[in-house]
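Please open the structure in a viewer and keep the selection tool at hand. The stops that follow say what to select next and what is to be found there.

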Amino acid sequence: MRAFVIEQLKKGTVQSGRAVPKLESGEVLVKVSHVALNPTDWKHLDLVGNLDSTLGCDYSGTVESVGEGVSRLKVGDKVCGVVHGGKFPQRGSFAEYLTIKEDFAMVVPSGMSEADAATYGVGFCTAAMVRRAEARMGESLLARRSEMQLTHQFLVSGGSTSVGLFTLSLLRQLGINSIATASPHSFDLVKSYGADHVVDYHDKEAAIKEIQKVTGGGVVGGLECIGGDDNFNLSVRAFGEEGGQLTTLTLIPDDAIKLRREVKIDRILLYTVFGYSFEFLPGKPHLPAIPEDKAWFIEFVKRAQGDSGLVSTTKANPVDLRQGGLEGINEGLDLLRQNKVSGKKLVYKVEQ
Ligand SMILES: NC(=O)c1ccc[n+]([C@@H]2O[C@H](COP(=O)([O-])OP(=O)(O)OC[C@H]3O[C@@H](n4cnc5c(N)ncnc54)[C@H](OP(=O)(O)O)[C@@H]3O)[C@@H](O)[C@H]2O)c1
């Protein structure tokens, strides 16, 4: 088969004659239809990936064959979701075929296009995983739902990111009010995904003032999608006097912890949902397996898939369907590297 492989760091090439991944027990073989790009893909290609591994996490496709013990999925099912790309020769999605445990693959709702379905990968699953982080920090957001219905109480810093748009849509379904940061050109989009109020992040002091005013004294929960000192400073200072819980997708700067001790901060890393220990940063100790994250994910996939699941009730990211198939992916990775992608998902049809 053909696959987009990390040939050297910073150099990804499409290689022919790669072995089709072998089915293991409990897995399905998926003929990939479309793939979507995430920042993690270029970060793996340039920085933390393993040579000779297949890049890519998000996919949609059709089940081609099933392994021993598979009971929920069958040949011909349309599926989508996330695989752990950039670390293993046989696991990435930027390829004609991939294998995935059936527990981790979501059945695509009928009527959904394969291009839209490909967006329910890293962004969607990470947005859902925020609930896991909150449980770990000690307080479920749902327990404070009635309080949060009073005003705009949950901050999404980076409302127009892929994770941000899915988070806003999920919050709306939970009945939780949200306030998001974005550029003015993204305001309408972010509102259409569920934000009650949107604030321009470019002037951080003005943004903090506006958040404090609109929420009547600060938020009680939040998600930091962007990271870095300035954005953490904004997120932490957006909280009210009593503090609360801030989930983040990136490294937590020491200053953010010191600034507001009453704001608990926890980082999530989606890859822990696969349930094994792995080397995340080259040369550093392996991250341990987190069985609770895997158990959560298996239950989540069941709730998310199919005609009545969360995939069907949660809007796809806006799709920018690009030309070029697997060969076009380098161009898309470059746009992401240069922060030139705003409020949309770059999607490629895998030509076969
Ligand atoms: N830990 C994990 O498991 C995990 C999972 C998923 C993603 N991530 C990481 O989370 C980050 C976001 O990923 P993504 O795929 O959701 O991003 P994305 O869709 O590629 O993000 C693009 C958006 O970033 C927004 N943006 C840039 N700077 C901003 C700022 N200072 N404040 C608010 N918004 C800003 C832009 O908004 P405007 O155009 O409106 O300015 C643009 O729409 C990446 O660093 C990614 O690697 C981590």
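Begin with the second largest pocket, whose lining comprises six nonpolar, three polar and six charged residues. In this classification, Ala, Val, Leu, Ile, Met, Phe, Trp, Tyr, Cys and Pro are nonpolar, Asp, Glu, Lys and Arg are charged, and the others, Gly among them, are polar. The model is a predicted one: local features need pLDDT of at least 70 and side-chain atom pairs count only at pLDDT 80 or more, whereas totals for chains, interfaces and linings use all residues. Residues are numbered from 1 along each chain as its sequence is written, and side-chain values use heavy atoms, with hydrogens and water left out.

**The pocket**

Select E27, R91, T99, K101 and Y276, which lie nearest the centre of the second largest pocket among its 15 lining residues. A pocket here is an open set of points, on a 1 Å grid over the protein atoms alone, where a 1.4 Å probe fits, with protein on both sides within 12 Å along at least five of seven lines; lining residues have an atom within 4 Å of a point. The volume of this pocket is about 280 Å³, taken as the space filled by probe spheres set on the points, with grid points joined across faces, edges and corners. Next, colour strand β6 (residues 97-101), which supplies the largest share of the lining, three residues. Strands (E, at least two residues) and helices (H or I, at least four) are DSSP runs numbered from the N terminus.

**Charges over rings**

Keep R91 selected and add F88: R91 lies over the face of F88, 4.3 Å from the ring centre. The criterion is that NZ of Lys or CZ of Arg is within 6 Å of the ring centre and within 35 degrees of the ring normal. Then move to K315, which lies over the face of Y193 at 4.2 Å from the ring centre.

**Aromatic pairs**

A search of the whole structure finds 17 aromatic pairs. Select Y120 and F124: their ring centres are 5.2 Å apart and their planes stand at 80 degrees, so this pair is edge-to-face. Another aromatic pair, Y271 and F280, is tilted, with 6.3 Å from centre to centre and 50 degrees between the planes. Rings of Phe, Tyr and Trp (its six-membered ring) pair if their centres lie within 6.5 Å; planes under 30 degrees apart are stacked, over 60 edge-to-face and the rest tilted.

Are Y271 and F280 buried or exposed? Both Y271 and F280 are buried, a word that means under 20% relative accessible area, with exposed over 50% and partly exposed in between (1.4 Å probe, protein chains only). Y120 also counts as buried, at 1% relative accessibility, and F124 does so at 0%.

**Buried serines and a threonine**

Go next to S157 in strand β8 (residues 154-157), which counts as buried because its relative accessibility is 2%. Leaving aside neighbours within four places in sequence, S157 is in contact (heavy atoms within 4.5 Å) with T181, L223, E224, C225, I226 and S235. Add G222 to the selection: S157 and G222 are 65 residues apart in sequence, yet 7.6 Å apart in space, C-alpha to C-alpha.

From S157, follow the contact to S235, which belongs to helix α8 (residues 229-237). S235 has a relative accessible area of 0% and is therefore buried. Not counting residues up to four places away in sequence, S235 touches L155, S157, E224 and L246. Between S235 and I211, the separation is 24 residues in sequence and 9.8 Å in space, C-alpha to C-alpha.

E224 leads on to T248, found in strand β12 (residues 244-248). T248 is buried because its relative accessibility is 0%. With residues up to four places away in sequence set aside, T248 touches E224, F232, I265, D266, R267 and I268.

Now select S60 in strand β4 (residues 58-66), which is buried with a relative accessible area of 0%. Beyond residues up to four places away in sequence, S60 touches K31, V32, S33, H34, V79, C80, E114, A117 and A118.

**Two loop residues with positive phi**

The final stops are in loops. K10 lies between β1 (3-8) and β2 (11-15) and has phi near 75 degrees, a positive value in a residue other than glycine. At 61% relative accessibility, K10 counts as exposed. N339, in the loop between α12 (329-337) and β15 (345-349), has a positive phi near 55 degrees and counts as exposed at 71% relative accessibility.
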